[in-house]
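Biologist: Let us go through this model label by label. I will ask what earns each term, and you set the value against the cut-off.

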Amino acid sequence: MVSLKQLLANIPTLQSPVVPMPTNPLIHQLGQTLRELGQHPYPHVPNPPDCKKRAAVALIIRVRPTFRDQGFFEPKSCGTEAGSQSQRLDNFFAQEWVQRGDPEVLFIKRAARNGDRWTSHIAFPGGRRDPEDESDSTTSVRETKEEVNVDLSADHALLIGNLSERVVTTWLGKTP
């Protein structure tokens with residue numbers, strides 16, 4: 001008589017091979033670029049003495065999980081809550097769903113208004129610096145919340161650093 005254990009041992013099992021999804025090379029490059037930007041920020045460019053206006057925008061990049069990964073991550077807990085900026089970046093980019101994800105950039109379309117020279121332009125969220133804003137970063141966080149209701153001061157947001165600053169001139173070569 002054959003025992004149930006022996007019978008089960010002789011039944012071939014069907015094992016589906018685990019095929020790892022390839023990592024997205026764009027994600028790898030994005031991680032390297034953000035680490036570099038965080039470690040080597042661009043210098044601050046002060047306003048010229050005759051220019052009192054200043055503005056700031058936010059370049060917002062998110063990684064959208066693939067369809068396969070959508071149930072395997074917690075959007076409010078993306079490995080970015082604790083540690084230094086470098087550690088938070090490493091924790092974020094070490095996650096498998098991030099490595100397979102698709103990076104996206106947030107743009108806005110400015111309102112169409114007569115007489116507005118930026119009417120209907122595509123732009124990053126941001127705007128004019130208010131006197132109570134401590135820095136350009138504070139301005140971009142405030143303006144982004146006002147314009148698109150994205151809270152860049154939340155724990156799951158990573159503020160990396162600034163892009164190169166510019167003194168903007170008019171088409172006549174004057175500073176506004």
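Modeller: This is a predicted model. From the N terminus, its elements run α-α-β-β-α-α-β-β-β-β-α. That gives five helices and six strands.

Biologist: How do you know how far to trust the prediction, and what is the mean pLDDT of the chain?

Modeller: The mean pLDDT is 82, and 77% of the residues reach 70 or more. Among the elements, α5 has the highest mean, 95, and helix α1 (residues 4-9) the lowest, 54. Over residues 14-20 pLDDT stays under 50, and the model has one contact beyond four places in sequence for them. Where pLDDT is low, the predicted coordinates should not be read in detail.

Biologist: Which residues make up the largest nonpolar core?

Modeller: Eleven residues: Ile 27, Leu 30, Leu 34, Leu 37, Val 63, Leu 89, Phe 92, Phe 93, Trp 97, Val 98 and Ile 160. Helices α2 (25-39), α3 (85-94) and α4 (96-100) each supply at least two of them. The largest share, four residues, comes from α2.

Biologist: What does Val 63 touch, leaving out residues up to four places away in sequence?

Modeller: Val 63 touches Ile 27, Phe 92, Trp 97 and Val 98. Its contacts also include Gly 101, Asp 102 and Pro 103.

Biologist: Why is Phe 92 called buried? And what about Trp 97?

Modeller: Buried means under 20% relative accessible area. Phe 92 has 12%, so it is buried. Trp 97 has 7%, so it is buried too.

Biologist: What makes the pair of Phe 92 and Trp 97 edge-to-face?

Modeller: A search of the whole structure finds three aromatic pairs. In the pair of Phe 92 and Trp 97, the ring centres are 5.9 Å apart and the planes are at 90°. Pairing needs centres within 6.5 Å, and edge-to-face needs planes over 60 degrees apart. The pair is therefore edge-to-face. Phe 92, Phe 93 and Trp 97 form one aromatic cluster.

Biologist: Why are Phe 107 and Phe 124 called a stacked pair?

Modeller: Their ring centres are 5.3 Å apart and their planes are at 15°. Stacked means planes under 30 degrees apart, so this pair is stacked. Phe 107 lies in the loop between β3 (102-105) and β4 (108-109), and Phe 124 in the loop between β5 (122-123) and β6 (126-128). The pair therefore ties together parts 17 residues apart in sequence.

Biologist: Are those two rings buried or exposed?

Modeller: Neither label fits. Phe 107 has 47% relative accessibility, so it counts as partly exposed. Phe 124 has 26%, so it is also partly exposed.

Biologist: What makes Arg 35 and Asp 90 a salt bridge?

Modeller: The closest N and O atoms are 2.7 Å apart. The cut-off is 4 Å, so the pair forms a salt bridge. Arg 35 lies in helix α2 and Asp 90 in helix α3, so the pair ties together parts 55 residues apart in sequence. Arg 35 is partly exposed, at 23%. Asp 90 is partly exposed as well, at 36%.

Biologist: Which salt bridges does Asp 136 form?

Modeller: One is with Arg 54, the closest N and O atoms being 2.9 Å apart. Arg 54 lies in the loop between α2 and β1 (55-57) and Asp 136 in helix α5, so this pair ties together parts 82 residues apart in sequence. Another is with Arg 129, the closest N and O atoms being 3.1 Å apart.

Biologist: How do you know that Asp 136 is buried, and what about Arg 129?

Modeller: The relative accessible area of Asp 136 is 16%, so it falls under the 20% cut-off and is buried. Arg 54 is buried too. Arg 129 has 24%, so it is partly exposed.

Biologist: How many salt bridges does the structure hold?

Modeller: The structure holds 14. Asp 130, Asp 133, Arg 142, Glu 143 and Glu 146 are linked in a network of them.

Biologist: Where is Asn 149 found, and why is it called exposed?

Modeller: Asn 149 is found in the segment after α5. Exposed means over 50%, and Asn 149 has 55%, so it counts as exposed. Its phi is near 55°, a positive value in a residue other than glycine. Most residues other than glycine have a negative phi.

Conventions. Residues are numbered from 1 along each chain as its sequence is written. This is a predicted model: local features need pLDDT of at least 70, side-chain atom pairs count only at pLDDT 80 or more; totals for chains, interfaces and linings use all residues. Side-chain values use heavy atoms; hydrogens and water are left out. A nonpolar core is a set of buried Ala, Val, Leu, Ile, Met, Phe, Trp, Tyr and Cys residues joined through side-chain atoms within 4.5 Å. Buried means under 20% relative accessible area, exposed over 50%, partly exposed in between (1.4 Å probe, protein chains only). Helices (H or I, at least four residues) and strands (E, at least two) are DSSP runs, numbered from the N terminus. Contact means heavy atoms within 4.5 Å. Rings of Phe, Tyr and Trp (its six-membered ring) pair if their centres lie within 6.5 Å; planes under 30 degrees apart count as stacked, over 60 as edge-to-face and the rest as tilted. pLDDT is the predictor's confidence in each residue, from 0 to 100. A salt bridge is a side-chain nitrogen of Lys or Arg within 4 Å of a carboxyl oxygen of Asp or Glu.
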